Each structure stands twice: as C-alpha cells, then as structure tokens.
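Colleague: Got a minute to go through this one with me? I'd like to hear the reasoning behind the labels.

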Amino acid sequence: NIGEIITLTWTADDNTGLDQHRIYYATDNNFVLIDSVEANVFGYNWVAPNVVTDSARIRVETFDIVGLVTSDTSSGFSIVDGILPDITVIVPSSGSSIPEYQDLTVSWDASDNIELDSVRIYFSNDGGSGFTLMGQVADPTSEFAFAVPSGVTDSAQVRLVAVDIYGNEGVDFSEFFSVTDNTPPTVSVNQPDDVGIGDTLLISFEADDNTGVASNVIYFSSDNGDTFVLVDSVLTGTSRSNINIGQTNIGSAQHSRNMPNMVRSRNSGRTQNVVSSISDSENSTATRTLFEYPWVAENLVSDQCQIRIVSYDLVNLSAADTSGSFNIYDGVDPEIVVTGPTSNFTVPEYNDITVSWNASDNQEMDSVRIYYSNDGGNQFTLMGQVPDPTTEYMFTVPSGVTDVAQVRLVAVDIYGNEG
C-alpha cells in the first residue's frame with residue numbers, strides 16, 4: 001500500500017571488501033535512486049511512494065573498495081492505493097436550521113492522494129441512527145442541493161462519503177442542525193345536515209398536524225362561498241403536551257385572521273363549548289383529530305350554505321376545507337296578537353265587526369286568515385284572508401245569539417309556517 005513501510009533486504013560479498021550499496025526503485029524502465037547505505041548494512045526501510053502500479057521493482061547496486069560494481073533487481077510487485085480520501089463538511093454548520101421541504105445546499109472540501117471520483121450525500125433526521133442517500137456528484141463538484149424531507153427535528157445531520165478512483169472511501173459528518181416545521185395541518189369538514197333557523201347545528205371536522213393544531217377558525221357562507229362570515233375562532237391547546245378541553249373565550253383568541261372575501265362576525269366575543277376527541281389519553285403527545293362545535297343557525301333561508309374551517313398549527317401554517325352546500329330553512333312560526341275585538345265586546349247579529357291584530361315574522365309575512373266561531377271555539381268558519389301588511393278585516397256577524405263568540409287569526413309566512 002502507498003505510504004506503508006517495506007523492509008528491503010539483500011546479501012552481498014566481495015574478495016577485497018565492500019564500500020557501499022545504492023537502492024533504486026522503478027515503475028517502468030527508469031530507476032530512481034532511493035538512498036545509499038554503508039557496506040555493512042544489508043536492509044532498508046522504504047516507504048512506498050504515492051503511485052499505483054503492478055510492475056514496481058527494486059534494484060540494489062553494490063560497490064567494492066576499488067569501485068567495481070554489481071547489481072541485482074527484484075521481480076515485479078504491486079503498489080496499491082489504500083489511502084482514504086479526506087472530506088470536510090462546510091455547510092450545514094452547527095446551530096443552523098432549515099424548514100421542511102426547502103432546498104438545503106451542502107458544501108464540502110475534499111481531496112485525495114491520487115484522484116477523487118465522486119461524493120455521496122446522505123441525510124438523517126434522527127440523530128444519525130439512519131441515513132438516506134440524497135444524491136451523488138462527480139469530482140470536482142463541491143456542493144449539492146436537495147429538498148429536506150418532512151420531519152421536525154433538532155438533530156438532523158448530513159454524512160458525506162468521498163470516493164477515490166480506487167474505491168477508497170472517506171467520511172465526514174456535519175454537526176447537528178434543526179429542521180423546522182413547514183408541514184401545514186390537514187383539515188376535513190364533515191358534511192353538515194340541513195338545519196332550521198335558530199336550531200343548533202353540530203359542526204364537526206377533523207384536523208391534525210405533525211406538531212400540533214393551535215387553533216381552528218370557523219366561517220359561514222350563505223351564498224355558495226362568495227363571501228364568508230366569521231363564526232368563531234377557537235384556541236385548541238393541542239400542542240404536544242397536556243390537552244385541556246373546556247370553556248374557550250373567543251374574545252381572547254388571537255387567530256381571528258383576515259381571509260379573502262370574509263367578514264368578521266358580530267358574535268366573536270361570546271364563549272362556546274368546544275368538544276374534541278383525542279386519539280390517546282389526555283397526557284398523550286398525539287394531536288387531536290375530531291372536533292365538534294355547536295352553532296345556532298342564523299336567521300336566514302338559503303340552500304347555498306357552507307361551512308369553512310381554517311386550521312392553524314403551532315408555527316402559523318394553515319389549511320382550509322369547505323363543506324358542501326346545505327340548507328337553512330325557516331321553521332319559525334309567525335307571531336300574531338288579536339287587538340280587537342276585546343273581552344266583553346258585543347255586536348248585534350248581521351252587523352259588521354272589524355277585527356284587528358299585530359303580526360310579525362322572523363322572515364316575511366304572507367297573509368292572515370280570519371275565522372269566526374259562535375259556539376265557544378268548537379268550530380270555526382273562515383271569514384276571509386288578507387295579504388300582509390293588512391292589519392284589520394271587516395265581516396258581517398252571522399246569525400246566532402251567544403256570549404261565547406270568538407275570532408281566531410292564523411298568520412302565514414312566505415314559507416308556509418303558521419302562527
């Protein structure tokens with residue numbers, strides 16, 4: 001091997017006396033002087049030169065005291081390269097950090113006693129327990145860029161393997177560096193059921209993240225997603241630590257972010273119960289997945305309603321999902337109060353009576369039907385129907401003397417609800 005010490009030995013004698021020995025080596029037909037030694041020395045420690053050959057030879061010339069010389073040459077032998085290349089990682093350095101999926105440019109200094117062939121680049125995000133080959137470049141390239149795989153860690157490491165033309169390999173490791181979170185959360189909204197105005201809809205969705213979900217922001221649209229209104233912003237406390245579920249004061253939440261075509265709700269200061277299901281125990285490091293939020297349907301009618309959830313992780317990366325369309329329908333009855341006739345009112349048969357009322361609806365009134373009974377309300381006869389906003393109606397009292405006459409009014413809204 002190159003650089004190894006080879007002990008050369010020989011024998012020589014002369015009838016008058018020896019003077020000196022000269023030692024040569026050759027890798028072809030040209031011999032190069034190694035050294036000369038005194039007459040009584042018959043060995044020499046020679047360091048194999050920095051050359052690769054399978055035809056190296058040693059020649060020893062011996063001189064006697066009158067200058068006569070003789071020589072002998074060894075048979076051919078091999079000198080092989082067993083010296084590892086040198087390589088030093090320059091970048092990344094200790095204390096550096098890079099987000100997941102971004103390109104990391106690794107650079108190095110490499111050299112070899114003969115000639116370099118290539119450098120292999122490996123990456124580990126588990127403190128060097130396992131390495132993945134990211135690429136290989138030919139000499140004299142001294143840098144390589146690759147996209148950092150997913151996986152948040154403070155013990156990422158690069159390993160470089162320099163290979164020379166004879167297959168010798170030299171290795172160097174970078175110092176540990178950090179890979180920061182660049183993976184957005186995942187969120188999926190479960191399709192809401194149709195719901196009546198004022199009824200409670202349980203909004204459910206699944207959200208998860210590799211480091212933890214920090215908050216979920218809930219939006220509502222009644223125009224098929226053209227505009228969204230903020231419903232609530234809920235801090236989840238789902239970092240990889242103890243998870244506490246309970247009353248969340250939305251007024252203190254810091255995630256009421258502006259979104260395109262979205263308007264803040266007037267109700268953002270209220271407190272809501274937020275329920276979630278956890279994939280392990282309360283002290284688990286696993287993030288929660290299933291979230292449920294009770295929401296009271298707004299006072300509107302639409303078949304183009306949608307719920308959008310925007311989930312944020314601990315480093316403020318976000319992801320959004322929007323439900324399919326669902327209906328909010330009007331199931332609220334109109335309200336109507338008879339203002340005339342009043343108690344103790346009397347009217348002769350066949351005379352006109354004017355009935356009056358106050359009526360309202362959460363959406364829009366359609367009409368009022370007027371009924372009359374002279375048997376204490378056992379049976380009613382329809383006397384007429386008037387459109388909104390009419391608030392009185394006159395009809396002729398039928399024959400029949402009674403002190404239990406009664407008027408019944410039925411208010412009808414535009415969706416057919418009756419009060």
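Colleague: What polar atom does the backbone nitrogen of G377 lie close enough to for a polar contact?

Modeller: A polar atom of the S373 side chain, 3.0 Å away. A polar contact is a pair of N or O atoms within 3.5 Å; within protein, one must be able to donate a hydrogen and the other to accept it, and residues adjacent in sequence count only if both atoms are side-chain atoms. Bear in mind that this is a predicted model, where local features need pLDDT of at least 70 and side-chain atom pairs count only at pLDDT 80 or more, while totals for chains, interfaces and linings use all residues. Residues are numbered from 1 along each chain as its sequence is written, and side-chain values use heavy atoms, with hydrogens and water left out.

Colleague: Why is S373 called buried?

Modeller: Its relative accessible area is 1%. Buried means under 20%, exposed over 50%, and partly exposed in between (1.4 Å probe, protein chains only), so S373 earns the label.

Colleague: Which residues does S373 touch beyond its sequence neighbours?

Modeller: Leaving aside those within four places, S373 is in contact (heavy atoms within 4.5 Å) with N378, Q379, F380, V404, A405 and Q406. S373 itself sits in strand 32, residues 365-373; strands here are DSSP runs of E, at least two residues, numbered from the N terminus.

Colleague: And what makes E115 partly exposed?

Modeller: E115 has 46% relative accessibility, which falls between the two limits, so partly exposed it is. E115 is in the loop between strand 10 (103-111) and strand 11 (116-124). Past its neighbours within four places, E115 is in contact with D164 and I165.

Colleague: How far apart are E115 and Y166?

Modeller: In sequence, 51 residues; in space, 8.5 Å from C-alpha to C-alpha.

Colleague: What is the strand order in the open sheet of 3 strands?

Modeller: The order is 30-31-34, with antiparallel pairing.

Colleague: Why do strand 30 and strand 34 count as edges?

Modeller: Strand 30 (335-340) and strand 34 (392-396) each have a single partner strand, so one side of each has no neighbour in the sheet.

Colleague: How do you know that strand 31 and strand 34 pair?

Modeller: Two strands pair if DSSP finds at least two bridges between them. Strand 31 (residues 352-360) and strand 34 share 5 bridges, in the antiparallel sense, so the criterion is met. As for D352, its bridge partner in strand 34 is T396.

Notes. Helices (H or I, at least four residues) and strands (E, at least two) are DSSP runs, numbered from the N terminus.
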